[in-house]
Amino acid sequence: MFTFGIDIGSTTSKCVVMKDGTQIVSSSLLTGGIGTRSPQEAVRMALEGAGVRREELAGVCATGYGRNRYEDAEFHVSELTCHGLGAHYIFPSVRTIIDIGGQDAKVISLDEKGRMQNFLMNDKCAAGTGRFLDVMANILVIPVGELEKYSQEAKEPARISSTCTVFAESEVISQLANGVEMTDLVAGICQSVAGRVAALAKRISIVPEVCMSGGVARNGGVRSALSEKIGQPILFSPYAQLFGAIGAALYAFEKTA
Ligand code: ADP
């Protein structure tokens, strides 16, 4: 029995096909989120990867910022629930998820079954989200996927004192003009995001084990800075950006099995 999860985010569309609620058969991840053609294309890619037709799916669940605009789904479920289910599937012992996506950051507490107990969210300010990293990567003309590599080569992380993305942008440009190394700037940028999210996380009780989800989890510079700031190891899976879609496929399985 196949179920399907689609996570339509602000920047990226993610899909997962699961077999019997236990096995990930295929997945897709495509830049372009709500309002673009990426969700449809991501669906096509994931179905093709699994060799499964739409009619063969027992259930489809949509999650993410754009979930309610996706009509071809039996279920529409909040990303808090889906990230919880997805993280629990990959790391059964996880009790706290730090999810940093393209336009918000959330800290989610789970019970031992992966059900959401409590959460806190920053969706008011781009600092402390993927948006901050995207803006800075753009200024530095570095692909966002390479920020990790640069940050690892830093000698002394630059201090980014502005908490506002627009002011931080000017600050980064002026530090570049003053000859600050790119690697040190990137490390400072990762520290800045980690600092904002750590402040959010400290407002909720951080019960171990802790993992990250969302696209920013793929940035090891943010992961290690965040781990240091919250004083806890942070588990990482290469599936981190797909946790919402995995959780959605699991939700569809729970409801249709
Ligand atoms: P959303 O669901 O809001 O679209 P995601 O959880 O998919 O957000 O995360 C998107 C963010 O992930 C982007 O804003 C970007 O900063 C970051 N990101 C995307 N790809 C990578 C990568 N390869 N390495 C590091 N960060 C990445």
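Reader: Is strand E2 enclosed or open to the outside, and how many of its residues are buried?

Author: Two ideas help here. Strands (E, at least two residues) and helices (H or I, at least four) are DSSP runs, numbered from the N terminus. Buried means under 20% relative accessible area, exposed over 50%, and partly exposed in between, with a 1.4 Å probe and protein chains only. In E2 (residues 12–19), 7 of the 8 residues are buried, so the strand is largely enclosed by the rest of the structure. Do keep in mind that this is a predicted model, where local features need pLDDT of at least 70, side-chain atom pairs count only at pLDDT 80 or more, and totals for chains, interfaces and linings use all residues. Residues are numbered from 1 along each chain as its sequence is written, and side-chain values use heavy atoms, leaving out hydrogens and water.

Reader: Which strands pair with E2?

Author: Two strands pair if DSSP finds at least two bridges between them. Strand E1 (residues 2–8) runs antiparallel to E2, joined by 7 bridges, and Asp 7 sits opposite Lys 14 of E2. A hairpin with 3 residues makes the link from E1 to E2. Strand E3 (residues 23–31) also pairs with E2 in the antiparallel sense, over 8 bridges. There, Lys 19 has Gln 23 as its bridge partner. The hairpin of E2 and E3 also has 3 residues between the strands, and in it Asp 20 takes a positive phi near 55°.

Reader: Lys 14 came up just now; what does its side chain lie 2.8 Å from?

Author: For this we look at polar contacts: pairs of N or O atoms within 3.5 Å; within protein, one must be able to donate a hydrogen and the other to accept it, and residues adjacent in sequence count only if both atoms are side-chain atoms. A polar side-chain atom of Lys 14 is 2.8 Å from an oxygen atom of the ligand. A polar backbone atom of Gly 102 lies 2.9 Å from a ligand oxygen atom. On the side chain of Arg 218, an N or O atom is 3.3 Å from a nitrogen atom of the ligand. The protein buries 87% of the 580 Å² that the ligand exposes when taken alone, with areas from the Shrake-Rupley method, a 1.4 Å probe and, for residues, only the protein chains shown as cover.

Reader: Where is Gly 214 found, and is it buried or exposed?

Author: Gly 214 is in the loop between strand E9 (210–213) and helix H7 (220–230). Its relative accessibility is 7%, so Gly 214 counts as buried. Asp 99 is 115 residues away along the chain, yet the two C-alpha atoms are separated by 5.2 Å.
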